[in-house]
Amino acid sequence: QSTWASWSVELLREKSNSDLHKLWFLLYKEWNMLLTLERECELTDRETPGKERIDKVQRSMENILTVVEERDEVFRELELGPGEPTGAYAWNLFGFRYWRHFKQHAVPWWLNPKFKYKLKTSYGHYVRPWMRLRLERQRQLSDQYRKRQIARITRSKRDFPHMPDFPYEVPDPATRGKMFSLVRHLG
């Protein structure tokens, strides 16, 4: 009986891409043969010989995939650079903030009038009062929600005094961190 261990990631990192490709198909054929043998033994009510070989083959195939993904990631970083953003926040003509995904274009942005129009984020003086009203309404709604939560907790404490205190803290929207500021945005 020959016993062998699964291919480790360290060993597979030393192999070339063509060797990994050949090894993948060799392991795939082995896995297929072992599954066929297992199915045949199930049908004839016999015990499958070398059941641990299936696990070793699967582990080896997973390690090959890990090495290939690592190489793809390194290649992608070399091509694109480390951690480039996929988009940025932008504002439309009505002052709504949205996430704009970066796309590759055949024409540079400075020659593309359609993109220049899309990129335009300045809005007239008539939009600013509506933006202030919208932001104020959002703050009012979050305050109302917070007050309802606090009232619900105090009511349940009053109705069920024998229960221990509920360890829930109602977050204060004013202390949520750095919020969007219209004054900062408008400059």
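With a relative accessibility of 12%, Thr48 counts as buried, and this residue makes a handy doorway into the predicted model described here. Thr48 is found in the loop that runs between α2 (17–43) and α3 (52–80). Apart from neighbours within four places in sequence, Thr48 is in contact with Glu38 and Cys41. The loop between α2 and α3 also holds Asp45, and here the picture changes: Asp45 is exposed, at 71% relative accessibility. The backbone of Asp45 deserves a glance too, as its phi is positive, near 55 degrees, in a residue other than glycine. For comparison, most residues other than glycine have a negative phi.

Stepping back to the whole chain, the protein contains 6 helices and 2 strands, arranged along the sequence in the pattern α-α-α-β-β-α-α-α. Of its 187 residues, 17% count as buried. The accessible surface comes to about 15600 Å², and carbon and sulfur atoms supply 57% of that area. Among contacts with a separation of 6 or more, 57% are between residues 24 or more positions apart.

Helix α3 rewards a closer look. The 29 residues of α3 should span 42 Å at 1.5 Å a residue, and this agrees with the 42 Å between its end C-alpha atoms. Several residues of α3 are buried, including Ile54, Val57, Met61 and Ile64. Lys56, Ser60 and Asn63 are also among the buried residues of this helix. The buried residues of α3 pack against α1 (9–13) and α2. After α3 comes Gly81, with a positive phi near 100 degrees.

Charged side chains offer another way to read the helices. Side chains of opposite charge can pair when their charged atoms come close. A search of the whole structure finds 5 salt bridges. One of these joins Arg53 to Glu30, with an N to O distance of 2.3 Å. This pair links distant parts of the chain, for Arg53 belongs to helix α3 and Glu30 to helix α2, 23 residues apart. Arg53 is partly exposed at 27% relative accessibility, and Glu30 is partly exposed at 21%.

Other salt bridges stay within a single helix. In α2, Glu42 and Arg39 are 3 residues apart, so about one helical turn separates them; their side chains meet at 3.4 Å, N to O. Glu42 is partly exposed, with a relative accessible area of 48%, and the value for Arg39, also partly exposed, is 48%. In α3, Arg76 and Glu73 lie 3 residues apart, about one turn of the helix, and their closest N and O atoms are 2.8 Å apart. Arg76 has a relative accessible area of 42% and is partly exposed, while Glu73 is partly exposed at 37%. An α-helix has 3.6 residues a turn, so residues three or four places apart point the same way.

The two strands complete the tour. β1 (87–91) and β2 (97–101) pair in the antiparallel sense over 5 bridges, and Gly87 has His101 of β2 as its bridge partner. Together the strands form a hairpin with 5 residues between them, and Gly95 in the turn has a positive phi of about 85 degrees. Phe94 sits in the loop between β1 and β2 and is exposed, with a relative accessible area of 58%. Along with Leu93 and Phe96, Phe94 makes a nonpolar surface patch of about 300 Å².

Methods. Residues numbered from 1 in each chain as written. Predicted model: local features only at pLDDT ≥ 70, side-chain atom pairs only at ≥ 80, totals over all residues. Heavy atoms only, no water. Patch = residues over 30% accessible without salt bridge, like charges linked within 9 Å, V, L, I, M, F, W, Y side chains within 5 Å. Areas by Shrake-Rupley, 256 points an atom, 1.4 Å probe, with all protein chains shown as cover. Salt bridge = Lys/Arg side-chain N within 4 Å of Asp/Glu carboxyl O. Helix = DSSP H or I, 4+ residues; strand = E, 2+ residues; numbered from the N terminus. Buried < 20%, exposed > 50% of the residue type's maximum accessible area, 1.4 Å probe, protein only. Pairing = 2+ DSSP bridges. Contact = heavy atoms within 4.5 Å. Expected span 1.5 Å × (residues − 1).
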